[in-house]
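Thank you all for coming; I would like to use these few minutes to walk through one model with you. Please have a look at the sequence and the structure before I begin.

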Amino acid sequence: MAVLRPRNRLVYFRLSEDEFERVNLACHETGARSISDLARHALQRMIDPPPGGPEQALMVTRLQVMDDMIRELNGKLEQLSQLLVALRSSEPGGPAADGSGK
């Protein structure tokens, strides 16, 4: 799966154990893939908030997370499809062996 805009800049900051637990819980509640994704989306909303208030901002974040998840799943499905084609073509009597494609 190709990354259109590679993320190559790092931002570090420290959290207390309590802060980390709250961030981790927020990550699970919003459906974010990782704490990095949650933090990135939160910072983007702070810098350029979407119109419509906090409810719409939360919906936008959830949609972005779901879009990322769908993109990742599509990539994995493509990999699985390629593996299945390779396995079928290597089986005796498979599509490559008899030329029928069945």
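I will go from the overall fold to the salt bridges, then to one buried residue, and finally to the surface.

Let me say at the outset that this is a predicted model, and that the values I quote are computed from it. The protein has four helices and zero strands, so that you will read α-α-α-α if you follow the pattern along the sequence. Of its 102 residues, 11% count as buried. The accessible surface comes to about 8,800 Å², and carbon and sulfur atoms account for 59% of that area. As for contacts, if we take those between residues at least 6 apart in sequence, 40% of them join residues at least 24 apart.

Now to the salt bridges. In general, side chains of opposite charge can pair when their charged atoms come close. How many salt bridges does the count come to? The count comes to five, and I would like to go through some of them in detail.

I begin with Arg71, which takes part in a salt bridge with Asp67, where the closest N and O atoms are 2.5 Å apart. These two residues are separated by about one helical turn, because they lie four residues apart in helix α3. Arg71 also meets Asp68 in a salt bridge, with a distance of 3.1 Å from N to O, and here the two residues are three apart in helix α3, again about one turn of the helix. As to their accessibility, Arg71 has a relative accessible area of 40% and is therefore partly exposed, and Asp67, at 40% relative accessibility, also counts as partly exposed. Asp68, on the other hand, is buried, because its relative accessible area is 15%, and the cut-off for that class is under 20%.

The next pair is Asp37 and Arg33, whose side chains meet in a salt bridge at 2.8 Å, N to O. Is each partner buried or partly exposed? Asp37 is buried, since its relative accessible area is 3%, while Arg33, at 40% relative accessibility, counts as partly exposed. This pair also belongs to a network of salt bridges, in which Arg33, Asp37, Arg40 and Glu72 are linked.

Let me turn to Thr61, which is found in helix α3, the helix that runs over residues 53-90. Thr61 counts as buried because its relative accessibility is 2%. Which residues does Thr61 contact, once its neighbours within four places in sequence are left aside? Thr61 is then in contact with His41 and Arg45.

Finally, the surface, where I would point out two patches of contrasting character, one nonpolar and one negative. The nonpolar patch is formed by Val11, Phe13, Leu15 and Phe20, which together have about 420 Å² of accessible area. Phe13, one of these residues, lies in the segment before α1, and it is classed as exposed because its relative accessible area is 59%, where the cut-off is over 50%.

The negative patch is made up of Glu17, Asp18, Glu19 and Glu21. Asp18 sits in helix α1, which covers residues 17-30, and at 48% relative accessibility it counts as partly exposed, so it falls in the class between buried and exposed.

To leave you with a brief recapitulation, this is a predicted model of a protein with four helices and zero strands, with five salt bridges by the count used here, and with a surface on which we find a nonpolar patch and a negative one.

Methods:
Residues are numbered from 1 along each chain as its sequence is written. This is a predicted model: local features need pLDDT of at least 70, side-chain atom pairs count only at pLDDT 80 or more; totals for chains, interfaces and linings use all residues. Side-chain values use heavy atoms; hydrogens and water are left out. Patches are made of residues with over 30% relative accessible area and no salt bridge: like charges are joined within 9 Å, nonpolar side chains (Val, Leu, Ile, Met, Phe, Trp, Tyr) within 5 Å. Accessible areas come from the Shrake-Rupley method with a 1.4 Å probe; for residues, only the protein chains shown count as cover. A salt bridge is a side-chain nitrogen of Lys or Arg within 4 Å of a carboxyl oxygen of Asp or Glu. Lys and Arg count as positive and Asp and Glu as negative; His and the chain ends are not counted. The place of a charge is taken as NZ of Lys, CZ of Arg, CG of Asp or CD of Glu. Buried means under 20% relative accessible area, exposed over 50%, partly exposed in between (1.4 Å probe, protein chains only). Contact means heavy atoms within 4.5 Å.
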